[in-house]
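Me: Could you take a close look at one part of this structure for me, the inside of chain B? I'd like to know what is packed together in there and how the pieces meet.

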Amino acid sequence: MTSPLEQKKIRIAGPSVVTANRTWDGVVVYRTAQQGWSTVLSDAAIVSTSDDARALLAESVADDVGAVGAYIAPVELNGGVIKPGNLREHIRSKGVTIDLLPA
Amino acid sequence: MYAYDELDRTLINERVSEFRDQVKRRLSGELTEDEFKILRLQNGVYLQLHAYMFRVAIPYGTLSSKQLRRLAHIARRYDRGYGHFTTRQNIQFNWIKLAELPDALAELAEVGIHAMQTSGNNMRNVTSDQWAGVAPGEVEDPRIWSEILRQHTTLHPEFSFLPRKFKIAITASEHDRAAIKIHDIGLRLHKNADGETGFEVLVGGGLGRTPFIAKTIKPFVHGRDILSYVEAILRVYNQYGRRDNIYKARIKILVHELGIEKFAREVDEEWRQMGHSALTLDHSAIEEVRSRFSYPPYEKLPHMPDELKEAAHDPLFERWRKNSVAPHKVQGYSIVTLSLKPVGGPPGDASADQMDALADLADRYSFGEIRVGHEQNLALPHVAKRDLPQLWKALDRLGLATPNVNLVTDIIACPGLDYCSLANARSIPIAQELTRRFANHDTADMIGRLHINISGCINACGHHHVGHIGILGVEKNGEEFYQITIGGRADENAQMGVLIGPAVPYAEVADVIEDIVEAYLALRDRPEELFVDTVKRLGVEPFKERVYATR
Ligand code: HEM
Ligand code: SF4
């Protein structure tokens with residue numbers, strides 16, 4: 001997790017979003033371009049420069065009542081479709097990869 | 001069972017009101033997350049990948065049926081219908097909502113359950129042998145001492161802001177089922193030459209990034225002095241422990257850096273200065289705690305009832321009995337272990353329906369008592385042998401009679417990347433795949449005792465260092481890889497496993513484990529030689545060769 005104190009070091013390698021957990025229930029959320037939070041990844045504001053990422057994160061971290069633990073996460077863009085950029089984010093977005101109870 | 005007194009009940013209830021107020025202030029924005037974090041951690045609340053995670057203490061692994069029913073209710077009402085039993089006699093709920101947590105805590109408080117000191121840099125839940133009070137040959141019930149320590153350390157200011165978390169485990173049997181050698185303090189109850197009861201005190205065990213096996217600093221501390229002696233250890237730790245570097249803050253690092261002899265001298269010096277303090281337990285204080293533990297009104301029963309003789313003709317029953325049923329200190333009774341490791345299931349998970357049904361079975365067959373062990377299994381501690389066949393049928397219907405206790409599919413695994421925000425790699429699907437590979441119980445029986453432990457990162461919540469086979473998730477270029485160690489053990493002969501070679505990718509882990517097991521079957525000198533003993537005799541080389549020759 002990236003602490004706000006380390007914001008200056010932020011460099012992104014490709015399209016990214018800001019994600020966090022909603023404060024009241026912990027649900028995974030994404031920062032939108034309207035300065036709110038959404039549970040749907042396709043609503044997320046996408047940034048592609050480190051400066052934009054830093055600004056989006058700063059704004060998100062400031063909204064500590066809305067969501068906690070905000071950080072920048074990579075995404076993949078495929079013909080306008082937005083997908084999580086790594087396994088961790090895939091799991092956060094789609095849920096656990098396992099059957100919850102034995103088949 | 002242990003009966004809480006008024007003081008405990010008041011304390012737990014006050015804690016709930018306090019936390020309710022803190023949550024309210026957090027949700028209104030009065031408290032920032034930074035301010036709130038330490039408060040939630042003191043109440044067992046973590047933030048994980050998908051949600052908040054809520055860790056509830058099960059002191060020394062003893063639960064009443066009423067408490068288990070309440071845990072089932074919490075799982076159903078506030079979570080997604082299941083809970084995860086951990087290696088430290090806790091249960092975790094993975095999907096709890098912060099706004100509802102105070103209500104959940106209040107419902108738990110009604111049955112004397114809480115989440116205090118299940119996280120944060122304080123004295124954690126004091127764990128013990130899950131067979132405490134019923135194991136044959138035990139010196140005495142170690143829970144009496146766990147409870148004395150619990151009372152003394154709960155909300156004790158000196159132990160609430162330690163350099164790092166602090167864990168104590170207690171055993172009173174020859175065979176250590178509490179893994180005391182991998183705890184910050186391990187206590188082994190025994191009697192000295194004069195027949196007095198006291199403790200061998202071990203310090204500085206722990207896994208994680210820098211694993212150490214605990215070392216003995218005093219072979220015998222009289223029972224009445226245990227609080228003052230533990231306090232002396234903690235004072236030395238509080239004084240010298242590194243608060244500047246989280247990776248060096250555990251007592252194991254201090255013990256390692258000072259050396260065990262110097263550390264022991266420091267503790268002795270501190271202890272001597274404390275003199276005969278208020279911490280010396282008088283006989284009546286110990287007896288007061290002892291009297292709060294009640295034991296069931298056992299009947300006088302035959303060693304070999306007819307019901308058991310008859311059921312012995314059923315090979316499925318016999319397989320389960322031989323695997324999961326252990327001798328009890330009272331004739332005619334048994335301790336029954338319930339595997340939470342069904343083939344294809346996530347290790348340690350139990351559904352709300354299973355918990356409810358098990359609570360009913362505990363009422364019918366085990367005087368309303370359930371135990372939780374560090375292997376992520378449950379136990380019914382007082383089952384009359386004549387009831388075993390009936391109980392087995394009922395457990396089998398619930399999916400709680402998998403005859404794999406201590407076998408290759410009885411895997412200890414942490415939540416890993418499916419839940420945990422610190423993970424490098426997944427643990428649970430690896431465990432699930434392995435249980436499918438070794439699903440044939442005849443094969444598993446033939447392999448014999450073999451403990452596999454899986455952790456999704458170096459924090460080692462799955463105790464991989466001390467698994468007979470240990471699997472550790474690491475990340476390489478964004479992919480999941482796993483380091484494999486063999487020859488570790490967590491019992492009275494605890495030692496760390498040895499790495500067999502380069503990490504292997506996710507898709508190959510189960511194949512590699514199969515290779516290791518096949519190599520063992522070919523190499524063991526007789527069927528009784530356990531996997532760990534073969535590794536001890538031959539070293540890791542032959543296993544390494546087998547695994548990497550073709551890769
Ligand atoms: C999913 C949430 C969890 C988180 C965030 C978490 C975090 C951690 C961390 C950071 C440590 C290392 C601390 C240190 O060395 O100072 C640790 C150690 C440990 N955890 Fe967890 N853990 C989690 C779940 C579990 C579970 C489910 C279990 C049991 C299956 C468990 C059992 C342990 C044990 C026994 C240790 C001690 C290892 C040692 O001696 O260093 N944890 N945990
Ligand atoms: S070992 Fe690592 S991945 Fe597993 S639960 Fe602990 S912190 Fe999480």
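Reply: Here's a walk through the nonpolar cores of chain B and then the contact between two of its domains. Keep in mind that this is a predicted model.

Chain B is split into four domains: domain 1 (6–109), domain 2 (142–290), domain 3 (306–398) and domain 4 (412–548). The largest nonpolar core counts 62 residues, and Phe54(B), Leu71(B), Val336(B) and Leu395(B) have the most contacts inside it. Helix H13 of chain B, residues 352–365, supplies the largest share of this core, with seven residues. Both domain 1 and domain 3 of chain B give residues to this core, so it lies between them. As a general point, nonpolar side chains tend to be buried together in soluble globular proteins.

Zoom in on Phe54(B) and you'll find quite a list of neighbours, leaving aside residues up to four places away in sequence. Among them are Val45(B), Ile91(B), Phe93(B), Ile96(B), Leu101(B), Leu105(B) and Leu108(B), and Phe54(B) also touches Asn43(B), Gln92(B) and Ala115(B).

There's a second, separate core too: it has 44 residues, including Val203(B), Val221(B), Ile286(B) and Val289(B).

Now for domain 2 and domain 4 of chain B. Their centres, taken over C-alpha atoms, are 31 Å apart. Even so, 13 residues of domain 2 of chain B are in contact with 13 residues of domain 4 of chain B. Between them these two domains bury about 1100 Å², with 67% of that on carbon and sulfur atoms. As for salt bridges between domain 2 and domain 4 of chain B, the count is zero.

Note on methods. Residues are numbered from 1 along each chain as its sequence is written. Chains are lettered from A and ligands numbered from 1 in the order in which they are written. This is a predicted model: local features need pLDDT of at least 70, side-chain atom pairs count only at pLDDT 80 or more; totals for chains, interfaces and linings use all residues. Side-chain values use heavy atoms; hydrogens and water are left out. A nonpolar core is a set of buried Ala, Val, Leu, Ile, Met, Phe, Trp, Tyr and Cys residues joined through side-chain atoms within 4.5 Å. Buried means under 20% relative accessible area, exposed over 50%, partly exposed in between (1.4 Å probe, protein chains only). Helices (H or I, at least four residues) and strands (E, at least two) are DSSP runs, numbered from the N terminus. Domain bounds come from an automatic or database domain assignment. Contact means heavy atoms within 4.5 Å. Buried area is the accessible area (1.4 Å probe) that two parts lose on being put together, summed over both. A salt bridge is a side-chain nitrogen of Lys or Arg within 4 Å of a carboxyl oxygen of Asp or Glu.
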